[in-house]
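Colleague: Could you take me through the internal cavities of this protein, and then through whatever else in the fold is worth a look from there? Please spell out the cut-offs as you go.

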Amino acid sequence: MILALATGCDNVEWGGASVALQPPPPATVGAAPAEDSLQTGEPDAPPPPPLPEGAVLYAGTRSGASVTLRPLFELRGDTIVELTDEAEAPGYNAHYAATLLAPGTEFTLFADGVRVGTLVAESAGVDAGWCRPTPSVQGVPELVPAAASATRFLALARTDEGAARTHAAGAFPAVAASHREGSRLMAQTAIMRESALWPDDLSAARADLAVTRLAPDEPPTVAATFMFRDRLAVEDPGTPVAYSLFVLGTETEGRYLLDYTWYRRVGDAAKGAPRFFQQFDWDGDERPEVLLEVMGTASRWPAVLELDDGEWELVYEAGCSAETAPTGE
C-alpha cells in the first residue's frame, strides 16, 4: 500500500543530494484502480451446500422400461439422517444431482430383501419427490429374471453398497389365497383391538397386499393396508371418521399372527395411510427394515419399521408437511 507523505512540491537536501518531492497525480473519476488495490475482483461465490457424508437410500419406481430413483435419507450406521432441504440451502438439489447423479453413476437395486440388479444413470434432474422436490435419476435397469416384474425398488450407490448381497432362493413368493385370508384375519384382530368402526366388506376394504420373505429360509410375511371411507391415494377423504389400517404378520404353524399394527384415524391424527414399499437390511445389522410409503391429503412420505428382538417398531417417519409438499409418484 502506498502512503502519501506530501501534497506540495519541495526540494529537500538529503545527504548532500537534492531530492524533488512531487505531489501524486490528480484522481480521475471512473479511473481503473491500481494493480495493488485491495479490490482485486468480484466477491467470492458462496460454497456449495454440503452433500451427505454417509450412504444414501434411494426409492425406485418403474414406469415402462425405465426406473426413477429418488434419495430418501442418509444412513450413518443404524441412524437415519434427513437430507438437506432446498429451502434451507438454495441450490442443494441441483448440486446433488450434478455431483452424485451424473450420467454413468451406478446403483445397486434391491427388492424383497435381496440384490436384484443394477442401474446406470442416464439422466438426472429435480422434480417432485416424497415430502418435497428432490433430485432424481433415471435409467434402464438390468434385473435378474425373478425380479422382472418388480415395480418398486430400494437402491444404494455402488460405492455405498457394502458387502455383496446376492439374489437368494425363495424371494418373491407369489400371492396366494392363504395370504389374502391371513391378512383379513389379522385385520379383524386389529379392528377389535383398536375399537375401530367395521367396514361393510373387509375384503373390499383391503387396498394393498404384499408378500415378502425376510430371509431365504423364513416363512412368508404378509403386509396389507385396509382403508375405511377413504382410498390409498394422496387425497382428502373428506370425513374425520376415515381411517387407514396397516397390518403385518408372519406365518407360524399355518396361522398368521399379528406382529405390527398401524391404525390412524383422520379425525385424530390427520390422514397417514401406509403401504408396504420394500424391505431390505440396508444398514447391514442383520435385522431387516421395512420401508413404508405413507399417503396424506396432499403429499406422501417415508416411514421405517425395524425388527428388534422379535418385535417390529416404527423407528422413523419423515417430518415433512403433508399439506404443502408435492405428491411425487
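Modeller: Let's start inside: the structure holds 2 cavities of 30 Å³ or more. A cavity here is a set of points, on a 1 Å grid over the protein atoms alone, where a 1.4 Å probe fits but cannot get out, and a residue counts as lining if it has an atom within 4 Å of a point. Grid points are joined across faces, edges and corners, and a volume is the space filled by probe spheres set on the points. Before going on, keep in mind that this is a predicted model, with local features needing pLDDT of at least 70 and side-chain atom pairs counting only at pLDDT 80 or more, while totals for chains, interfaces and linings use all residues. Residues are numbered from 1 along each chain as its sequence is written, and side-chain values use heavy atoms, with hydrogens and water left out.

The largest cavity has about 170 Å³ of space. It is lined by 18 residues, and Pro71, Leu72, Trp130, Arg132 and Thr134 are the closest to its centre. Strand E4 (66-76), helix H1 (92-100) and strand E9 (134-139) are the elements that give two or more residues to that lining. Those labels come from DSSP runs numbered from the N terminus: helices are H or I with at least four residues, strands are E with at least two. By class, the lining of the largest cavity has 12 nonpolar, 4 polar and 2 charged residues. For that split, Ala, Val, Leu, Ile, Met, Phe, Trp, Tyr, Cys and Pro count as nonpolar, Asp, Glu, Lys and Arg as charged, and the others, Gly among them, as polar.

The second largest cavity comes to about 40 Å³. Lining it are Ala59, Gly60, Thr61, Thr68, Arg70, Leu72, Trp130 and Phe277. Strand E3 (55-63) and E4 each supply at least two residues here, and the classes are 4 nonpolar, 3 polar and 1 charged. Leu72 and Trp130 turn up in both places: they line the second largest cavity and are among the residues closest to the centre of the largest one.

Now for the open spaces. A pocket is an open set of grid points with protein on both sides within 12 Å along at least five of seven lines. The second largest pocket has about 350 Å³ of space. Of its 19 lining residues, Ala150, Phe172, Ala210, Val211 and Gln278 are the closest to the centre. E12 and strand E16 (273-280) each supply at least two lining residues, with E12 giving the most, 5 residues. By class that lining has 12 nonpolar, 4 polar and 3 charged residues.

E12 leads us to helix H2 (residues 177-194). H2 has 18 residues and reaches 26 Å from its first C-alpha to its last, close to the 26 Å expected at 1.5 Å a residue; that expected span is 1.5 Å times one less than the number of residues. Its buried residues are His179, Gly182, Ser183, Met186, Ala187, Ala190 and Ile191. Buried means under 20% relative accessible area, exposed means over 50%, and partly exposed is in between, using a 1.4 Å probe on protein chains only. These buried residues pack against helix H3 (202-205), strand E12 (206-212), E13, E14 and strand E15 (255-265), where contact means heavy atoms within 4.5 Å.

Just past H2 sits Ser195, in the loop between H2 and H3. Its phi is near 55°, a positive value in a residue other than glycine, and Ser195 is exposed, with a relative accessible area of 66%. Glu253, in the loop between E14 and E15, also has a positive phi of about 55°, and is exposed at 80% relative accessible area. Most residues other than glycine have a negative phi.

E13 and E14 bring in the aromatics. Rings of Phe, Tyr and Trp (its six-membered ring) pair if their centres lie within 6.5 Å; planes under 30 degrees apart count as stacked, over 60 as edge-to-face and the rest as tilted. By this rule the count comes to 8 aromatic pairs. Phe228 and Tyr243 have ring centres 5.0 Å apart and planes at 15°, so this pair is stacked. Phe228 is in strand E13 (residues 221-228) and Tyr243 in strand E14 (residues 243-252), 15 residues apart, and both are buried.
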